[in-house]
Amino acid sequence: MKTLKIRGRVTSGVGKGAYYVTRPQYLNFFKKVLKAHPFPGTLNVIIDGKKTSEILPHTYTPMEYGTIRYATGKIGEIPIVVIRPQKSVHPENVIEIVAPINLRKKLKLTDGSEIEFQIFL
């Protein structure tokens, strides 16, 4: 399986990740992909030099909500789903990470922290 390492900087979101992660259509999708219950929130990361449309090869479109582009991956041994909602209010170089744990707490991240993760292509 091909992997792509990505580096970026943590940034604050607008506080709506928890709402969407817990909607049944997305929640069931994340449970299936992560093989675990997702933490109710996302970690936003600014990535430099890459367009999200180029690095997120899959799409998921639930019935009542917008499409997301996504890729599975990991941070260390933590499984993640890297997403970019089609209706995102963030700049094109901001992705969101869904994981089974609170990544900010577990990895002691603050805004501006550098982070590296890999996605599976």
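Is Tyr19 buried, partly exposed or exposed? At 42% relative accessibility, Tyr19 counts as partly exposed. The structure described here is a predicted model, and the sections below treat its aromatic contacts, its strand pairing, its salt bridges, its backbone angles and its principal pocket in turn.

The aromatic side chains form 9 pairs in total. In one of these pairs, the rings of Tyr19 and Tyr20 are arranged edge-to-face, because their planes stand at 90 degrees, with the ring centres 5.0 Å apart. Tyr20, like its partner, is partly exposed, with a relative accessible area of 37%. A second pair, formed by Tyr26 and Tyr65, is tilted, with 45 degrees between the planes and a centre-to-centre distance of 5.6 Å. Tyr26 belongs to helix H2, whereas Tyr65 is found in the loop between strand E3 (58-60) and E4; the pair therefore ties together parts that are 39 residues apart in sequence. The two members of this pair fall into separate accessibility classes: Tyr26 is buried, at 6% relative accessibility, and Tyr65 is partly exposed, with a relative accessible area of 24%. Ring pairs also link these residues into a cluster, whose members are Tyr19, Tyr20, Tyr26, Phe29, Phe30, Tyr60, Tyr65 and Tyr70.

Strand E7 (residues 114-120) pairs with strand E1 (residues 3-11). These two strands run antiparallel and are joined by 7 bridges. Within this pairing, Gly8 stands opposite Ile115 of E7. Strand E7 also pairs with strand E4 (residues 68-75), again in the antiparallel sense, over 2 bridges. Here Gly73 is the residue that faces Ile119 in E7.

The whole structure contains 4 salt bridges. One of them joins the side chains of Arg7 and Glu116, with a distance of 2.6 Å from N to O. This salt bridge links distant parts of the chain, since Arg7 lies in strand E1 and Glu116 in strand E7, 109 residues apart. Strands E1 and E7 are thus connected by a side-chain contact as well as by the bridges of their antiparallel pairing. With 61% relative accessibility, Arg7 counts as exposed, while Glu116, at 33%, counts as partly exposed.

A further salt bridge is formed by Arg9 and Asp48, whose closest N and O atoms are 2.8 Å apart. Arg9 is located in strand E1 and Asp48 in the loop between E2 and helix H3 (52-55), so this pair also ties together parts that are 39 residues apart in sequence. Arg9 is partly exposed, at 30% relative accessibility. Lys74 and Glu77 form another salt bridge, in which the closest N and O atoms are 3.9 Å apart; this pair is still counted because the limit for a salt bridge is 4 Å. Glu77 is exposed, at 68% relative accessibility, whereas Lys74 is partly exposed, with a relative accessible area of 25%.

Positive phi values occur at two lysine residues, Lys35 and Lys108. The phi angle of Lys35 is near 60 degrees, a positive value in a residue other than glycine. Lys35 is placed in the loop between H2 and E2 and counts as exposed, at 74% relative accessibility. For Lys108, phi is near 55 degrees. Lys108 lies in the loop between H4 and E7, and its relative accessible area of 73% places it in the exposed class.

The largest pocket has a volume of about 700 Å³. Its lining is made up of 35 residues, and those nearest its centre are Lys16, Gly17, Tyr20, Thr42 and Glu96. Two or more lining residues come from each of helix H1 (17-21), helix H2 (24-34), strand E2 (43-47), strand E5 (78-85), strand E6 (94-98) and helix H4 (103-106). H1 gives the most to the lining, with 4 residues. By residue type, the lining divides into 17 nonpolar, 14 polar and 4 charged residues. Tyr20 appears in two of the features described, as one of the residues nearest the centre of the largest pocket and as a member of the aromatic cluster.

Technical notes
Residues numbered from 1 in each chain as written. Predicted model: local features only at pLDDT ≥ 70, side-chain atom pairs only at ≥ 80, totals over all residues. Heavy atoms only, no water. 1 Å grid on protein atoms, 1.4 Å probe; cavity = no way out; pocket = protein on both sides within 12 Å on 5 of 7 lines; lining within 4 Å. Points joined across faces, edges and corners; volume = space filled by probe spheres on them. Nonpolar A, V, L, I, M, F, W, Y, C, P; charged D, E, K, R; others polar. Pairing = 2+ DSSP bridges. Buried < 20%, exposed > 50% of the residue type's maximum accessible area, 1.4 Å probe, protein only. Phe/Tyr/Trp six-rings, centres within 6.5 Å; stacked < 30°, edge-to-face > 60°.
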